[in-house]
Amino acid sequence: MTRYLPPVVLVVLALLPLGLKDPYLLNALITGGIFTIGAISLNLLLGYTGQLSLGHIAFFGIGAYASALTALGFDVGLFGDVRVIHEGWHPFIGFLVAIVVSGFFGYVVGRLSFRVRGAYFVIVTICFAEVVRLVALNWIELTQGPLALTSIPQMKLGFPGLGELTLRTKVQNYYLMLGVATLAYLVVARLVHSRFGRAMRGLKENEQLAMSVGVNATKTLTVAATFSAAIAGAAGSLYAHYFRIIDPDVFLFAYTVTMVIMVVSGGKGALAGPVIGGLIFGTLPVALRPYMAPEAQWIVYGAVLILILFLMPRGIAPYVDDWFAARRARRAHGAAPAAKPQLEGQR
Amino acid sequence: MDQFLQHLVNAMVLGGAYALLGIGLTLIFGIMNVVNFTHGALYTFGAYAMYLASTALGMNFFLALPFAIVAGLALGALLELTLLRPLRGADIDTTMLVMIGAGIILQSGTLWIFGGVAKAIPSPFPDAPLQFAGVSISWLRLFVLLAAAALIALAYAMINGTRLGRAMRATFQDADTAALMGVNVRLIYTATFALGSSFAAAAGALLGPVYVVFPQMGDLAAVKAFAIVILGGLGSIAGATIGGFVLALAEEFGAGYVSSGYRDAMGFLIIIAVLLMKPTGLFARAERVG
């Protein structure tokens, strides 16, 4: 049953804009979806390798800036009289550049920070995000600093034989988000179910044991960080071309927290986890907005995060899995009590 | 030369408050193995307690400071009893995330109650700075330096000279053995978290009047506290004290001679450099690091 759930959810999500005309709701879904892509990428690190990266927004923001700058063009003096001048390119190239640049930063951060684990790793990633934010704030020639990069062109998609489509409407952007999210989901699913994915989970369960059977810890974790950062960069690119304005506030810690909440509430280490968490926390602001101020909404977020950690430390997805497994077991054995469900195999 | 001395004096003032922040965080990590993500919120809380006490409650500045510290102590104890005590034995990531949740609630609560506009805490000191050998320092900053030094000395005396301090050190070395020797470890955890929180609140209450008070002031403070603690080695109190002053020196001289925009980046660059060369921190003994 759980096998059919992802395509069903995808179809429902694809049909959603047909019945949904409220631009505010669509906007919330697109924004929530973009952060869900970030959460899917974070899950690769947090859920499958067990490394809590609290600087994940850095890769998202780097992707946003890389994509926007590729599309807008820039003119920066490096040292002396050397200037780098770049004319704006097609926004889709920006999207690809964002993936490559963010992936590169993921590789570098992974290489440097996977010498340490646990609390040290968490703090290194936070520091990285802060440094990047300060660079975005102060390298005014490149990023416009607090004045923000504005008039970022909308995403354009070229179709062979059909010409080019500029994504102007919310519905078009919704489908772009959904397409990229599906792709991100599939990439992560493919990675997780490969030999490489088993190595990652081995490291999470018992690093020394995994290394003793020949898993190269630093290499595996670095590859995971590279993929994770690249996907986050893709999400950042979508963000930049959808909102068409970015400032150094994209690097705020609160956005990392949003992604972490999505992963943890949905279920870390489950493919569906960030999607479930993303759907809940992407739509929660819409549900809460009529009743409370944004500050109060954040209080609710914090409370929900704490409650989930206390009541469902594994997140929602494993419980859904359990429920289906228990139902199957009931059917198989008549009314006999459910056997203890096998969890690992079906994720 | 005068400018150099001036930077040095400024760094000392800042370093005192940073050391307080770092000691609080390192104490909690060392003894409880909890990365306290409410540390920044507690710093903000201390500053707002100071603001409330000296404006709405009409307290004397010198009375408002201990009030803010005690308020931090109480909030810390409350957080430990409600959130951390039930989670004892949970893995470090879970407690980290719970503390992030608590930090969000505290920060958003502050924003909700007080609004986003920065507030100034009135200072009882004369505006004219103290001039000495070409260096000028405001009376307020001098007071901050002395108060921070006194609190650091108090912390050392408490940890090294009292029964509570001895029990804390015993728990730090080995919680199970300490429990067998009759130490009430649960009480020690609560006391540790409350004390660590009160140090963060003290740092906020001291730096609040120097700068301004706003709900997000704790964000940078928290990351700086992490920087200090990594620099000194997680769990090392002497390391945190030295780390606080090293960070302040790096920021002050970095801002003075390199670029003021990257002032706040100094701490992070230090962390990255330290972790690349000596991941256990500069002052930690190897076995202390978790």
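**Two chains, helix against helix**

Tutor: Chain A has 347 residues, and a compact globule of that length would have a radius of gyration near 20 Å. Chain A has 21 Å, which agrees. This is a predicted model.

Student: How do you know what a compact globule of 347 residues would have?

Tutor: The rule is 2.2 Å times the number of residues to the power 0.38. For 347 residues that comes out near 20 Å, and the 21 Å of chain A is set against that value. Along its principal axes, the C-alpha trace of chain A spans about 75 × 55 × 50 Å. Its secondary structure is made up of 14 helices and 4 strands.

Student: What does the comparison with a compact globule give for chain B?

Tutor: Chain B has 290 residues, for which the rule gives a radius of gyration near 19 Å; the chain has 19 Å, so the two agree. Its C-alpha atoms fill a box of roughly 60 × 45 × 35 Å along the principal axes. Chain B has 11 helices and 2 strands, in the order α-α-α-α-β-β-α-α-α-α-α-α-α along the sequence.

Student: What makes a residue of chain A count as being in contact with chain B, and how many do?

Tutor: The C-beta atoms of the two residues, placed from the backbone, must lie within 7 Å. By that test, 32 residues of chain A are in contact with 36 residues of chain B. On the chain A side, helix H5 (118-138), helix H11 (253-266) and helix H13 (294-311) each give two or more residues. H5(A) supplies the largest share, 12 residues. The classes on this side are 26 nonpolar, 3 polar and 3 charged residues.

Student: Why are H5(A) and H9(B) given the orientation they have?

Tutor: Two packed helices are described by the angle between their axes and the distance between the axes. H5(A) and helix H9 (residues 217-232) of chain B pack at an angle of about 130 degrees, with axes 10 Å apart. Roughly perpendicular ends at 115 degrees and roughly antiparallel begins over 145. The pair is therefore oblique. H5(A) passes H9(B) in a left-handed crossing. From H5(A) the contact takes Tyr120(A), Ile123(A), Ile126(A), Cys127(A) and Glu130(A), and from H9(B) it takes Val223(B), Phe226(B), Ala227(B) and Ile230(B). Of these residues, 8 are nonpolar, none is polar and 1 is charged.

Student: What angle do H5(A) and H11(B) make, and what is that orientation called?

Tutor: H5(A) packs against helix H11 (residues 265-277) of chain B at about 140 degrees, with the axes 9 Å apart. Roughly antiparallel needs an angle over 145 degrees, so H5(A) is oblique to H11(B). The crossing of H5(A) and H11(B) is left-handed. Residues in this contact include Val124(A), Val131(A) and Leu134(A) of H5(A), with Phe268(B), Leu269(B) and Leu275(B) among those of H11(B). The contact has 12 nonpolar residues, no polar ones and 1 charged residue.

Student: Why do H6(B) and H8(B) get the label they have?

Tutor: Helix H6 (residues 163-173) and helix H8 (residues 185-210) of chain B pack at about 105 degrees, with axes 10 Å apart. That angle falls within the 65 to 115 range, and H6(B) and H8(B) are therefore roughly perpendicular. Leu164(B), Ala167(B), Met168(B) and Thr171(B) in H6(B) meet Val185(B), Ile188(B), Ala191(B) and Thr192(B) in H8(B). By class, this contact has 6 nonpolar, 2 polar and no charged residues.

Student: Where does UniProt place the feature "transmembrane region" in chain B?

Tutor: The unreviewed UniProt entry places it at several spans, including residues 187-214 and 226-250. In the model, residues 187-214 of chain B are 86% helix and 0% strand, with end C-alpha atoms 33 Å apart. Residues 226-250 of chain B are 84% helix and 0% strand, and their end C-alpha atoms lie 15 Å apart.

How values were computed: Residues are numbered from 1 along each chain as its sequence is written. Chains are lettered from A and ligands numbered from 1 in the order in which they are written. This is a predicted model: local features need pLDDT of at least 70, side-chain atom pairs count only at pLDDT 80 or more; totals for chains, interfaces and linings use all residues. Ala, Val, Leu, Ile, Met, Phe, Trp, Tyr, Cys and Pro count as nonpolar, Asp, Glu, Lys and Arg as charged, and the others, Gly among them, as polar. UniProt positions are given in the numbering used here, feature names are shortened, and annotations may be inferred rather than shown by experiment. Axes are lines fitted to C-alpha atoms, for helices over the stretch in contact, and angles run from 0 to 180 degrees between N-to-C directions. Angles under 35 degrees count as roughly parallel, over 145 as roughly antiparallel, 65 to 115 as roughly perpendicular and the rest as oblique. A crossing is left-handed if the near helix is turned anticlockwise from the far one by less than a right angle, and right-handed if clockwise.
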